[in-house]
Amino acid sequence: MAVFTMNEIAKIVGGKILQGDGNREIEKFSTNSKEGDDRTLFVPVIGERVDAHDFIGNAYENGMRCTFTMRDEIVDDTDDMTYIKVDQSVAALQMVGADYRARFTDLPLIGITGSVGKTTTKEMIAAALETKKCVLKTDKNMNSQVGLPQMMARIEEKHEIAVIEMGMSEFGEMKRLCDVAKPNFAVMTNIGVSHIGQLKTQENIRSEKANICNHFTKDSVLLVNGDDRLLRELYDVFENPKTTDKEKTQLIDTMNLSAETLNKLKEAKIATFGTDCECTVYATEIETVGESTRFMYNYTDRDGIKKQEAIELSVLGLHNVLNALAALYIADYYGIEPKIAKEGLKAYQPISMRGGIEKVNEITVIDDTYNASPDSMKGAINILLELPKENRKIIVFADILELGEISESCHYEVGEYLANHSLNDGKSPKSIDVVITIGEEAKFIAKAVKEHNAAIEVHSFATKEEAGECIQQVLQPKDAILFKGSRGMKLEVLVNLVKKG
């Protein structure tokens with residue numbers, strides 16, 4: 001773990017010590033004035049509603065003795081606190097993270113980005129690698145401009161490889177993250193419509209995420225989902241021998257890649273994973289057995305021989321098969337054979353609020369409430385449909401946020417998908433019985449279901465409180481119920497309601 005003196009940090013960030021002991025040592029950073037100790041540096045962030053400089057005093061009261069500041073004044077009663085004056089506190093934090101990362105030039109760092117599934121992919125890659133290696137992986141949601149540099153400060157000599165999640169929601173953000181983490185291997189899971197309100201088009205999302213390659217060398221690898229059309233185009237342009245020069249030119253014209261990214265992609269290797277047999281690695285014979293998924297992993301070994309390995313996952317969903325493919329490829333790339341790596345994948349279980357399946361009081365509860373996008377909504381529907389036939393299957397969907405002008409159409413599309421994939425013959429496990437929606441946007445899911453599948457019972461509410469009353473009325477023993485919505489909708493409240501009975 002990083003250990004800095006305040007003098008060292010001031011030099012790294014080009015800051016000035018306003019007060020305090022420059023020899024004081026810190027090893028952690030915190031943007032929360034309630035979370036830290038005397039070896040933690042407080043990073044006051046200025047947000048849309050709150051300026052955390054107002055909480056420097058609180059940080060001091062909670063044990064912190066070091067802080068960045070963008071102000072000239074010293075807070076009363078913090079005489080033994082060390083202050084470093086900086087131009088921008090988040091940028092300063094990133095400078096420190098980048099400096100510390102640069103001290104470990106031999107540490108392979110895998111950067112993971114995508115509209116959906118970054119965290120699950122990160123966890124599965126780490127699970128495969130941990131069968132043989134000491135892995136540093138992103139903790140919780142520390143994948144942002146604030147969280148990622150804090151993760152860099154957690155690198156230790158014992159770590160043999162790092163698996164780092166990199167999230168972005170606006171132009172220029174991935175470049176800043178890449179300048180800190182400097183990944184030499186990258187995974188792109190998919191290009192959806194998350195944050196399309198800010199980035200406007202999926203092509204813009206792709207070009208922004210492609211900046212994850214900006215610190216690549218000629219030995220670097222970009223691994224992309226070959227089942228995703230927009231990502232497959234990256235492979236077609238830079239790697240696929242079947243693509244003509246004319247087709248390459250036409251595709252590059254649509255990609256809006258920076259000159260820096262374009263040059264990096266030209267010299268790096270691009271590999272694909274998916275269900276298409278033309279992918280570098282691909283899955284066949286996919287089947288659901290109880291609450292597990294089995295498939296054959298098709299790959300080419302180091303001697304150029306095509307091989308297969310039988311894989312079993314303790315989770316459901318095609319998206320998890322794709323995540324496992326990426327994990328197996330990366331593990332093999334770093335010297336862990338599929339027959340070893342697959343044991344880590346079999347033991348993998350989803351982390352809290354990300355699709356875990358739990359039986360409580362004769363009810364099967366799927367808690368996927370951490371976040372949502374149209375694509376992840378569809379994936380969650382498929383997971384529910386893959387469960388063995390219970391008494392009934394119930395879906396609770398809340399608003400998908402940050403979709404901008406296309407919000408109504410995206411929500412309607414989710415409802416249409418749900419309706420068309422539910423057989424509702426009363427016998428097939430591929431049946432959804434009840435749909436409950438919450439919020440002004442999710443009502444378009446309900447509208448689509450009503451219009452495309454009259455056999456599904458549909459309820460639509462403005463608030464969680466109303467929906468909670470409905471859930472208590474309709475839920476019966478042996479039902480399976482799925483909860484999913486954007487983080488801001490706080491659906492975990494209803495999950496806890498069901499678990500309490």
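**Strand order, loop residues and cysteines in a predicted model**

K182 is found in the loop between α6 (173-181) and β11. In this predicted model, K182 has a positive phi of about 50°, although the residue is not a glycine. K182 counts as partly exposed because its relative accessibility is 27%. A second lysine, K140, likewise has a positive phi, near 50°, in a residue other than glycine. K140 is placed in the loop between β9 and α5 (147-152). With a relative accessibility of 65%, K140 counts as exposed.

The strands flanking these loops, β11 and β9, belong to an open sheet of nine strands. The order across the sheet is β9-β10-β8-β11-β12-β13-β14-β15-β16, and the pairing is mixed. The edges are formed by β9 (135-137) and β16 (306-313), each of which pairs on one side only. Neighbouring strands of the sheet are turned by 20° against each other on average, direction ignored.

Both senses of pairing can be followed in individual strand pairs. Strand β8 (residues 109-113) runs parallel to strand β10 (residues 161-165), and four bridges join the two. Within this pair, L109 has A162 of β10 as its bridge partner. A parallel arrangement is also found for strand β13 (residues 269-274) and strand β14 (residues 281-289), which pair over two bridges. Here G274 stands opposite Y282 in β14.

On its other side in the strand order, β14 is followed by β15. Strand β15 (residues 292-300) runs antiparallel to β14, and six bridges join them. The bridge partner of T284 in β15 is M296. These two strands form a hairpin with two residues between them. One residue of the turn, G290, has a positive phi of about 65°.

Helix α12 (residues 318-333) lies across a series of the sheet strands, namely β8, β11 (185-188), β12 (221-225), β13, β14, β15 and β16. The helix runs at about 40° to β15.

The cysteines were examined for disulfides, and the count comes to zero. For C279, the closest cysteine sulfur is that of C277, at 8.4 Å, which is too far for a bond because a disulfide requires sulfur atoms within 2.5 Å. C279 counts as buried, with a relative accessibility of 4%. C66 also counts as buried, at 0% relative accessibility.

A further buried position is I381, which is found in helix α14 (residues 374-386). Its relative accessible area is 0%, so I381 falls under the 20% limit for a buried residue. Leaving aside residues up to four places away in sequence, I381 touches I395, F397, V414, Y417, L418 and L482. The C-alpha atom of I381 is separated by 32 Å from that of L136, and the two residues are 245 residues apart along the chain.

Methods:
Residues numbered from 1 in each chain as written. Predicted model: local features only at pLDDT ≥ 70, side-chain atom pairs only at ≥ 80, totals over all residues. Heavy atoms only, no water. Pairing = 2+ DSSP bridges. Axes fitted to C-alpha atoms, helices over the stretch in contact; angles between N-to-C directions. Contact = heavy atoms within 4.5 Å. Buried < 20%, exposed > 50% of the residue type's maximum accessible area, 1.4 Å probe, protein only.
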